[in-house]
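User: I've got a model open here and want to go through its helices and empty spaces. Can you walk me through it?

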Amino acid sequence: MNDKDELHGLWTILLAARFGYRNEVTNGVKTHQRFVEDFACSHKHVNCNKMGCKNVHRRNHNIAKRILMERHDLAQHLFNSDAFTLEDCIKMKNVFDTTDAPPPNIMSHEDVSDTKRPLSFDCHLTKEQMVRIAHCANTNHLFCVSEVSIDDMQSLLECKSNFSLKVENTRNVAVLFNALLEGNLIGWNWKKAMENGGHLLSRKTGKPISATTLSSALSDIKRKPTPTSKRIEDEIRAITTLRPSI
């Protein structure tokens, strides 16, 4: 087995993890931790009796497991990118081999529950970041209010009890939250947290928007991005560079 085959094996495992995560964790069937445990057990063995194959699979299995458990930065890219090609896998392995995990600036997946616990720590969203996020929401008309205040946005991001906002455009709001996730500013299961807390309300019905609806809206806008969705992604990407000074 050559290096190309070994990388292809790792790619296959990571693609399976990506598919499983989107079906089980995103839809609220399992927590991230339970998914990783089950996935690691179910992909431990390989259908090959050659010692070389088994050794390569063990290495790849260990790399995939450590990415899922320890490298949340890499796992988020795996789960949330539009596609994950063999080239993407090669780049990810290189990053995994040559860098350490960045300091956490959001709750780890173990700390994010499906209840009303915060999506992010207060201290990891600076005042300037919060101002910019609120400005992004207002200029792109994401909510059915004349102006979203900084306090409103903070209450939303912290899943404050009994707080909700009526959504003007579900797809664009999904883009906002997904961009915050990709920037490591909010937690993994934001869709489920929003649903359980009833924080995002439908403009038409006034009822809480479900995690499934948010997932569908995000998939739709990813397939057919608009100038507004691209602008939101660019604005949030700029916000993620505004880290708190140490």
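User: Start with helix α10. What should its 13 residues span at 1.5 Å a residue?
Analyst: Helix α10 (residues 211-223) should span 18 Å, and its end C-alpha atoms are 18 Å apart, which agrees. The expected span is 1.5 Å times one less than the number of residues. Helices here are DSSP runs of H or I with at least four residues, strands are runs of E with at least two, and both are numbered from the N terminus.

User: What kind of model is this, and what are the ground rules?
Analyst: It is a predicted model: local features need pLDDT of at least 70, side-chain atom pairs count only at pLDDT 80 or more, and totals for chains, interfaces and linings use all residues. Residues are numbered from 1 along each chain as its sequence is written, and side-chain values use heavy atoms, with hydrogens and water left out.

User: Which residues of α10 are buried?
Analyst: Ala-211, Leu-214, Ser-215, Ala-217, Leu-218 and Ile-221. They cover an arc of only 165 degrees around the axis, which puts them on the same side of α10. Buried means under 20% relative accessible area, exposed over 50%, and partly exposed in between, with a 1.4 Å probe and protein chains only. The arc is that of the directions from the helix axis to the C-beta atoms.

User: What covers them?
Analyst: The cover on the buried residues of α10 includes α8 (170-182), α9 (190-197), β2 (200-202) and α11 (227-239). Contact means heavy atoms within 4.5 Å.

User: And α11, how does that one look?
Analyst: Its 13 residues should also span 18 Å at 1.5 Å a residue, and the end C-alpha atoms of α11 are 18 Å apart, which agrees. The buried residues of α11 are Ser-229, Ile-232, Ile-236 and Ile-239. Seen down the axis, they fall within an arc of 80 degrees, so they line one face of the helix. Their cover includes α6 (127-139), α8 and α10.

User: Back to β2. Is Ser-202 buried or exposed?
Analyst: Ser-202 is in strand β2. It counts as buried because its relative accessibility is 18%. Neighbours within four places in sequence aside, Ser-202 is in contact with Lys-166, Lys-207 and Ile-209.

User: Pockets now. What volume does the largest one have?
Analyst: About 490 Å³. Among its 24 lining residues, those closest to the centre are Arg-22, Thr-26, Lys-191, Leu-218 and Ser-219. On a 1 Å grid over the protein atoms alone, a pocket is an open set of points with protein on both sides within 12 Å along at least five of seven lines, a cavity is a set where a 1.4 Å probe fits but cannot get out, and lining residues have an atom within 4 Å of a point. Grid points are joined across faces, edges and corners, and a volume is the space filled by probe spheres set on the points.

User: Which element gives the most to that lining?
Analyst: α10, with 7 residues.

User: How many cavities of 30 Å³ or more are there?
Analyst: The structure holds 1. About 40 Å³ of space lies in the largest cavity. Its lining is Ile-13, Val-36, Phe-39, Ala-40, His-61, Ala-64, Lys-65 and Leu-68. α3 (51-70) and α2 (32-42) each supply at least two of those residues, and α3 gives the most, with 4.

User: Last one. What's the overall make-up?
Analyst: The protein has 11 helices and 2 strands. Buried residues make up 44% of its 246 residues.
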